[in-house]
Every structure is written in C-alpha cells, then in structure tokens.
Amino acid sequence: MTQDNPKHTAKISKEWFQDNSVNVLEWPSQSPDLNPIEHLRRDLKTAVHRRFPSNLMELERCCKEEWAKLAKDKCAKLIASYRKRLIAVIAAKGGPTSY
C-alpha cells in the first residue's frame, strides 16, 4: 500500500496501519500521480468548472453528464500508457515526468 502524500499522513492512520500489519511502501511525496482515475477526475473537474453550477443539485447533474461524456478511448489510452508512465517515473527516480 502507498499513500498519496506521506508527509501529511495522520498519526491515527499510521497507527492503524501498524496495528493491522499493513505494509506501507515508501513513496516520494512529490511523485507523479500514476493512478489513471486521477487524470479522469482532472478532466471531469475542468469540464464541470466550465459549466459554473450554482447549487448542489446542479453540480451533481453536471458531474453525471460530464462523466458520461468522458470518452471510453481516453480511459483505454490511460491504461495502455501505464507501463510507459511507470518506466518514466522509475527513470526519474520518483521525480517529475512529462505525464
């Protein structure tokens, strides 16, 4: 298991992992996000922001509509590029990449 930003991990979380024998991998705190869903969330956030929802119901509707519009081929490309992104991150020793 890894955590998104280990330097901001709550003490209670660290204790829970230790108490439950969960092995937490070391992970650079400023490393690129390799989770493909994060790229889709960014696209969703951008699309919803452009619509300026004015209340919670409108926000929910916009989110659902924009999520439905996200191209399936975008998801497939993110998955297909995963190996290439991993190699780039390893080569950069956890530092910034072009992804």
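Is Trp-16 buried, partly exposed or exposed? Trp-16 is partly exposed, because its relative accessibility is 48%, and the cut-offs for this class are 20% and 50%. The legends below describe close-up views of a predicted model.

**View 1. The fold of the protein chain is built from helices, with zero strands.** The chain holds five helices. Read from the N terminus, the order of elements is α-α-α-α-α. Of the 99 residues in the protein chain, 22% are buried. Contacts between residues at least 6 apart in sequence were also sorted by separation: 47% of them join residues at least 24 apart.

**View 2. Trp-16 and Phe-17 form an edge-to-face aromatic pair.** A pair of aromatic rings is described by the distance of the centres and the angle of the planes. For Trp-16 and Phe-17, the centres are 5.7 Å apart and the planes stand at 75 degrees. The count of aromatic pairs comes to one. What is the burial class of Phe-17? Phe-17 counts as buried, because its relative accessibility is 13%. Its partner Trp-16, at 48%, counts as partly exposed.

**View 3. Helix α2 crosses helix α3 obliquely.** Helix α2 spans residues 36-50 and helix α3 spans residues 56-69. Their axes come within 9 Å and cross at roughly 125 degrees. That angle makes α2 oblique to α3, because it falls in none of the parallel, antiparallel or perpendicular ranges. The crossing of α2 and α3 is right-handed. Which residues make the contact? From α2 come Ile-37, Leu-40, Leu-44, Ala-47 and Val-48. From α3 come Leu-59, Cys-62, Cys-63, Glu-66 and Trp-67. By class, the contact of α2 with α3 has nine nonpolar residues, no polar ones and one charged.

**View 4. Helix α2 also packs on helix α4.** Helix α4 covers residues 72-80. The axes of α2 and α4 lie 9 Å apart, at an angle of about 145 degrees. The crossing of α2 with α4 is right-handed. On the α2 side, the contact residues are Pro-36, His-39, Leu-40, Arg-42 and Asp-43. On the α4 side, they are Lys-74, Cys-75, Leu-78 and Ile-79. How do the residues of this contact of α2 with α4 divide? Five are nonpolar, one is polar and three are charged. Leu-40 of α2 appears in this contact and in the contact with α3.

**View 5. Ser-21 has a positive phi in a loop.** Most residues other than glycine have a negative phi. Ser-21 is not a glycine, yet its phi is about 55 degrees. Where is Ser-21 found? Ser-21 sits in the loop between α1 (11-19) and α2. Ser-21 counts as exposed, because its relative accessibility is 67%.

**View 6. Val-24 is placed in the loop between α1 and α2.** Its relative accessible area is 32%, so Val-24 is partly exposed. Val-24 and Lys-14 are 10 residues apart along the chain. Their C-alpha atoms are separated by 9.0 Å.

**View 7. Phe-52 has a positive phi in the loop between α2 and α3.** The phi of Phe-52 is about 50 degrees, although Phe-52 is not a glycine. Is Phe-52 buried or exposed? Phe-52 counts as exposed, because its relative accessibility is 62%.

How values were computed:
Residues numbered from 1 in each chain as written. Predicted model: local features only at pLDDT ≥ 70, side-chain atom pairs only at ≥ 80, totals over all residues. Heavy atoms only, no water. Axes fitted to C-alpha atoms, helices over the stretch in contact; angles between N-to-C directions. Helix = DSSP H or I, 4+ residues; strand = E, 2+ residues; numbered from the N terminus. Parallel < 35°, antiparallel > 145°, perpendicular 65-115°, else oblique. Left-handed = near helix turned anticlockwise from the far one by under 90°. Contact = heavy atoms within 4.5 Å. Nonpolar A, V, L, I, M, F, W, Y, C, P; charged D, E, K, R; others polar. Phe/Tyr/Trp six-rings, centres within 6.5 Å; stacked < 30°, edge-to-face > 60°. Buried < 20%, exposed > 50% of the residue type's maximum accessible area, 1.4 Å probe, protein only.
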